[in-house]
Amino acid sequence: MADQVLKVVDQRTKLAYDLPLFKGAIRSMDLRQIKTGPEDFGVVGYDPAFLNTAACQSSITFIDGDKGILRYRGYPIEQLAEKCSFLEVAYLILNGELPTEGQLENWVDDIKHHTMLHEKTKNFLESFNHDAHPMGMFISCVAALSTIYPESRNVLDPENRKLQIRRLIGKVPTIAAYTYRHSLGYPYVYPDNDLNYSENFMNMLWRMVEPKYRANPVLSRALEILFILHADHEQNCSANVMRAAGSSQADPYVSVAAAAAALSGPLHGGANEEVLKMLDEIGTKDRVPAYIEKVKAGHVKLMGFGHRVYKNYDPRARIIKWAADQVFVATGRNPKLDIAMELERVALEDEYFIKRKLYPNVDFYSGIIYQALGFNPNLFTVLFAIPRTVGWLAQWQEMLEDPEQKIARPRQIYTGYDARELVPIGKRVAQVAALAR
Ligand SMILES: CC(C)(COP(=O)(O)OP(=O)(O)OC[C@H]1O[C@@H](n2cnc3c(N)ncnc32)[C@H](O)[C@@H]1OP(=O)(O)O)[C@@H](O)C(=O)NCCC(=O)NCCS
């Protein structure tokens, strides 16, 4: 048992403490017993941006960042991407096991029963400017569903949760497609439940006057694979927001909206849109070395490169590259791929990137394939949010069912003034206040 205890000696008091190791971790609360006296609050962990803090136990997704491994519920992402449909993977992520044929049929049927939006949601969309960013519209519409399903607040009822989970998975593609149609001024297309998840999404995006939309099977399968790759990624920024918002027992619609807001930033899901802007800015392959120099000088970041967890090639980027080849057979090659591949080649041979273990992440190639599929760059992050809704909901459910979880509330190390007397306004000397700077 000796190796399951961490011995800590407090040099201030010369006292020794045995901190039990639990699955390779110490419990931060065990640090609190380490004090200099009864008035001392005790030691706390200081970990801005959670670089080395596990905030939960989870059995959903496993990542080994050094080896470039990603698994959902134990199944390698490569096998899931090759052999499963997106809704099959969604079932796995949410329920822990792959469905049988009968279970999958019922699950798909359940989701299809929730693809329509309340007509009021459409009115809500109408009020956005035509050039509103689709992610802003998506976040707002998802949050607005909370007003349409007020019973969703009953988050401690497992049956109620199941219903809201199905609704959200059914409706996010519809909301996403409607944001796109709204920006073009096209009439909204209702869901077609003869089609599978990705085909129906394509139908709602692109059907014009034809009576029935028929998706190109190569393209719909590529979209399905992209959805599988983006479905969950353990405790990333937006999953953490989902858990934090949900820990106050906020309803799942506003919690998913909060998570989607976190996703929208350029350092997280917004990176795929930024990659395309970067490739446009570079323009041609011969300008790649100059751009890399700009990155190394710290003027810009190489978007789609680097990851908090992966210190090796992101396995999702590898699968996306493979899927891109299939798509390009159907659509013709996206010339940006050549620039991206040259960027990757130059970067992976450069000491700056090697030393920092910076490799392409999921967003590096996803934008190129999304563009080849016919999507505008400003829709890319919404395309990420659709499948990630499954991951957020699985993380949310796991958090609510975990008896150790409580409202998420970190500590701080206060660095401000000690108590001071208020000076009446007439006697104050102007100070350079932080806010006025
Ligand atoms: C993903 C990301 C936010 C992770 O950040 P992080 O874990 O906090 O890593 P850090 O910012 O501490 O980076 C470590 C070092 O690599 C550098 N670095 C990280 N990502 C970089 C990038 N994309 N381009 C250039 N340098 C990068 C940092 O400047 C830092 O260098 P330093 O040690 O000289 O200061 C970061 O890699 C990034 O901004 N990437 C670009 C955005 C992106 O693609 N996001 C999608 C993630 S899926």
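Contact here means that heavy atoms lie within 4.5 Å. Keep that in mind while you click around this model, which is predicted.

**Stop 1: helix α11**

Select residues 271–282, which make up α11. Try checking the length yourself. At 1.5 Å a residue, the twelve residues of α11 should span 16 Å, and the end C-alpha atoms are indeed 16 Å apart, so the two values agree. Now color the buried residues of α11: Ala271, Asn272, Glu273, Val275, Leu276, Met278, Leu279 and Ile282. What covers them? Show α12, α14, α16 and α17 (380–401), which are included in the cover over those buried residues. Before you leave, click on Gly283, just after α11, where phi is positive at about 80 degrees.

**Stop 2: helix α14**

One of the helices covering α11 is α14, so to speak our next stop. Select residues 336–348 and you have all of α14, 13 residues in total. The same ruler works: 1.5 Å a residue predicts a span of 18 Å, and the end C-alpha atoms sit 18 Å apart, which agrees. Which residues of α14 are buried? Highlight Lys336, Leu337, Ile339, Ala340, Glu342, Leu343, Glu344, Val346 and Ala347. To see what they pack against, turn on α11, α12 (288–296), α13 (315–331), α15 (351–355) and α16 (362–373).

**Stop 3: the ligand**

Now select the ligand and show what surrounds it. You should find 17 residues, and the closest are Lys301, Leu302, Gly304, Phe305 and Arg308. By class, this shell holds eight nonpolar, five polar and four charged residues.

Here are three distances to look at:

- From Lys301, a polar side-chain atom lies 2.7 Å from an oxygen atom of the ligand.
- From Phe305, a backbone N or O atom lies 2.9 Å from a nitrogen atom of the ligand.
- From Arg356, an N or O atom in the side chain is 3.0 Å from an oxygen atom of the ligand.

How much of the ligand does the protein bury? On its own the ligand exposes 860 Å², and the protein buries 68% of that.

**Stop 4: the loop between α8 and α9**

Jump to the loop between α8 (217–229) and α9 (237–246), and click on His233. Is His233 buried or exposed? Its relative accessibility is 5%, and buried means under 20%, so His233 counts as buried. Draw a line from the His233 side chain to the side chain of Tyr310: the two make a polar contact at 2.8 Å. Leaving aside neighbours within four places in sequence, His233 is also in contact with residues including Thr61, Ile63, Leu70, His307, Arg316 and Arg388.

Stay in this loop and select Asn236. With 12% relative accessibility, Asn236 counts as buried. The side chain of Asn236 makes a polar contact with the side chain of His268, at 3.4 Å. Beyond neighbours up to four places away in sequence, Asn236 is in contact with His268 and Arg388.

**Stop 5: Val241**

Finish in helix α9 by selecting Val241. At 25% relative accessibility, Val241 counts as partly exposed. Which residues does Val241 touch, not counting those up to four places away in sequence? Show Gly246, Ala258, Ala259 and Ala262. Then add Ala260, 19 residues from Val241 along the chain, and check the C-alpha atoms of the pair: they are separated by 8.9 Å.

Note on methods:
Residues numbered from 1 in each chain as written. Predicted model: local features only at pLDDT ≥ 70, side-chain atom pairs only at ≥ 80, totals over all residues. Heavy atoms only, no water. Near = heavy atom within 4 Å. Polar contact = N/O pair within 3.5 Å; in protein donor to acceptor, adjacent residues only side chain to side chain. Areas by Shrake-Rupley, 256 points an atom, 1.4 Å probe, with all protein chains shown as cover. Nonpolar A, V, L, I, M, F, W, Y, C, P; charged D, E, K, R; others polar. Helix = DSSP H or I, 4+ residues; strand = E, 2+ residues; numbered from the N terminus. Expected span 1.5 Å × (residues − 1). Buried < 20%, exposed > 50% of the residue type's maximum accessible area, 1.4 Å probe, protein only.
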